Amino acid sequence: MQASLVDIAFEEPPFSLLDERLRQRLAEGVDLHYFEALAQPLVPGAVGEAVYIIHKGEVAELAADSALPDAATLDKAQREGLDAWVSLRIGHYTAGDLFGALTLLNGHCRTRFVCEQETLCYQLPAELFFSLCDECPAFGEYFQHSLSDKARLLAAQRDTRQGASRDQAGFMLARVMDCMRPPLKLAASASIEQGVKAMQTAGADSLIISVEGRQGVVTRTDLLNALVIQGLAANHPLASLGSFALVAVTAEEYLFQALVQMTRHRVARVVVKERLTPDAAVVGVIELTDVLGFFSNRSQLVSLEIERASDMAALEQASARLPEMVRALAMQGVHMRHAMALLSALNGRLIERTFAMLVEEEHRASSCLMLMGSEGRGEQILKTDQDNGLIIADGHQWPDNEDTLQRFSDALAGLGYPPCPGNIMVSNPEWVATESRWRGKIARWCAGRDGEALMNLAIVFDARASGGNEALVDSLRGHLVRHATRDELLLSHFARPALHFSTPLTLFGSLRSPRHGIDIKKGGIFPIVHGVRTMALERGVMATGTFARLEALVSDGRIEASDSADLAEALSLFAELRLRQQLRHLEEDEHGAAVGGASDSRRDGQDKTTAAREAGGRNLIITQSLSSLERDLLRDALSRVKDFKQRLSHRYHLEY
């Protein structure tokens, strides 16, 4: 067949792995083949003769023992989306997809492929396919890649399409090693005068000292305060001026992870260590000014605006910038795990500053605000409903807390965090209690084991502190772990919701309308989050984020490192697909507001069913809008979810 007539997406993996010469050989070596509706290009046990690349039409992959539909049933299914047929599929392939490669590599076909309509395919002969695999090993390896490998291919493909490079991506793709300063080290016995001169010579704002094996930082501000405010002599030694509670990162981490640490710990610099251990050597310093030097647009200055805000109006201005920042992260292809960490830190800091502005210091010192849900886990991207509670130290008197906490909830709503539909927030007295009352609640929930009690346990187990006495949250979560860790029956009940929603492996490709989209939150995100949460509760893992819990479970020997990597990659993929859908809805809402608030007025007139459907649409993924590689990744990721659910079912005896 003439190469000029071949319409294959050579810019898409796996064909993008081939060089120009091999692509030309492929194009010249394929033939176009026609299949009638209900034809079976491959059947169980067959020895493959070719790889098929779909030019036009649709092909379903069925289990080996699946019964075939007749033409009438198939036609009706295509017109009406009937689950009777759709549920038989374990895979679905449309224009641009390929199938049959695994048949060649495995030696025989293990499933059945059926044309759902008249279909045209390019046939790549087996001999040519194996020749391409031999001459380009990456091409052959592609078909047996792990999920994380394919995710890296997708990231590389997006970088190529967007013309991305480290310079263009700037801050978002830079690592700490790219801009860290060498540390200025002085002896702790050196004088203030020597410290000032050393900083001036090096152009540094801080220096590192060591006292009895402990490394500390002395800043330019420390020296100024020592001379002007404390009145110390210029020959006074540096040892007493150091700060030894260092916030540290490693050189391999992304630069914005350093910003996450600065935001969370409210510091203007972090030290860079060889490894994150107390005795590790300091090899560099990252200043806030260094980080800001990598910023490419003003939306990324949100963290600075949050810290400088002196009133709620200023916080609202900073908060309004977050959607713009989310778009920037998405456009620059930042890995979702790192984007989640950065945005969660910013959201948490916004909420913490609001709490500090509205709650008096005496009450903050004897209470702690808990952030829960996705914000507690550090997995929030766009702003979600308020999920929070408050612990008050035993013996502390706060008689008017209801008025203050209602103002706090109202203020969060003004920042763009809607009230929680389930009323799980501090304006509800049920989610405000003393330490002793909270412990009593947890004991009752553990004993009750009904749906609401189990949900409440999950909510509290995900909680993290945001303002106030953080030890109160740590103590409460520790109390929960002690109650639950050895209770096999409770853990079994707790794990069961991970199986509530079916894994949508049967809904790929041919769906025609939004109502047939995949609910990625129910089918993909929730089973991973809740399954990992259950395993963390069983093992007493105190991390709140799903990614950190997976790492801890690997260290604990409860999950294989490869399985952990695949689940983490799957969760990142689901979050990215969901974010893209949410951004589309956000743009539609903004467009509606721009043309006179039509979106608001329409929403006012909707009944609860319609509103729920619209909210659910933000989680629906229409697979026709995905590239071939993205659909392949989605299939792989959902397959990992299905396997994970089976392991959960076995471990917690959920089959009974």
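Tutor: Buried means under 20% relative accessible area, exposed means over 50%, and partly exposed lies in between. The model discussed here is predicted.

Student: Is glutamate 361 buried, exposed or partly exposed?

Tutor: Glutamate 361 has a relative accessible area of 48%. The buried class needs a value under 20% and the exposed class one over 50%. Glutamate 361 therefore counts as partly exposed.

Student: With which residue does glutamate 361 form a salt bridge?

Tutor: The two partners are 3 residues apart in helix H17, so about one helical turn separates them. The partner is buried, with a relative accessible area of 18%. At 2.6 Å, N to O, the side chain of glutamate 361 meets that of arginine 364.

Student: Where does glutamate 360 lie?

Tutor: Glutamate 360 belongs to a surface patch of negative charge, together with Glu362, Asp400, Glu402 and Asp403. Its place in the chain is between helix H16 (336-358) and helix H17 (361-364), in a loop.

Student: How far apart in sequence are glutamate 375 and arginine 464?

Tutor: Their side chains meet in a salt bridge of 2.5 Å, N to O. That pair links distant parts of the chain, with glutamate 375 in helix H18 (residues 373-377) and arginine 464 in strand E16 (residues 464-468). Both glutamate 375 and arginine 464 are buried. Their separation in sequence is 89 residues.

Student: Why are arginine 439 and glutamate 435 separated by about one helical turn?

Tutor: These two residues form a salt bridge, their closest N and O atoms being 3.8 Å apart. Arginine 439 is partly exposed at 29% relative accessibility, while glutamate 435 is buried at 19%. Both sit in helix H20 (residues 435-448), and the spacing of about one turn follows because they are apart by 4 residues.

Student: How many salt bridges does the structure hold?

Tutor: A salt bridge needs a side-chain nitrogen of Lys or Arg within 4 Å of a carboxyl oxygen of Asp or Glu. The pair of glutamate 361 and arginine 364 is a salt bridge at 2.6 Å. For the structure, the total is 22.

Student: Is valine 228 buried or exposed?

Tutor: Valine 228 is in helix H10 (residues 220-228). With Leu224, Leu227 and Ile229, Val228 makes a nonpolar surface patch of about 410 Å². Its relative accessibility is 62%, so valine 228 counts as exposed.

Student: Which residue follows H11?

Tutor: Helix H11 covers residues 255-265, and its buried residues include Leu255, Phe256 and Leu259. The residue after H11 has a positive phi, near 55°, and is arginine 266.

Student: How far apart in space are alanine 495 and glycine 531?

Tutor: Alanine 495 is in helix H23 (residues 488-495), and its 2% relative accessibility is why it counts as buried. Beyond its neighbours within four places in sequence, alanine 495 is in contact with His530, Thr534, Tyr652 and Leu654. Alanine 495 and glycine 531 are 36 residues apart in sequence, yet from C-alpha to C-alpha the distance is 6.4 Å.

Student: Which residues are in contact with serine 191, leaving aside its neighbours within four places in sequence?

Tutor: Serine 191 lies in the loop between helix H8 (166-169) and helix H9 (192-202). Its relative accessible area is 10%, so serine 191 is buried. The residues in contact with serine 191, those neighbours aside, are Ala234, Asn235, His236, Pro237 and Leu238.

Terms used
Residues numbered from 1 in each chain as written. Predicted model: local features only at pLDDT ≥ 70, side-chain atom pairs only at ≥ 80, totals over all residues. Heavy atoms only, no water. Patch = residues over 30% accessible without salt bridge, like charges linked within 9 Å, V, L, I, M, F, W, Y side chains within 5 Å. Areas by Shrake-Rupley, 256 points an atom, 1.4 Å probe, with all protein chains shown as cover. Lys, Arg positive; Asp, Glu negative; His and termini not counted. Charge placed at Lys NZ, Arg CZ, Asp CG, Glu CD. Helix = DSSP H or I, 4+ residues; strand = E, 2+ residues; numbered from the N terminus. Buried < 20%, exposed > 50% of the residue type's maximum accessible area, 1.4 Å probe, protein only. Contact = heavy atoms within 4.5 Å.
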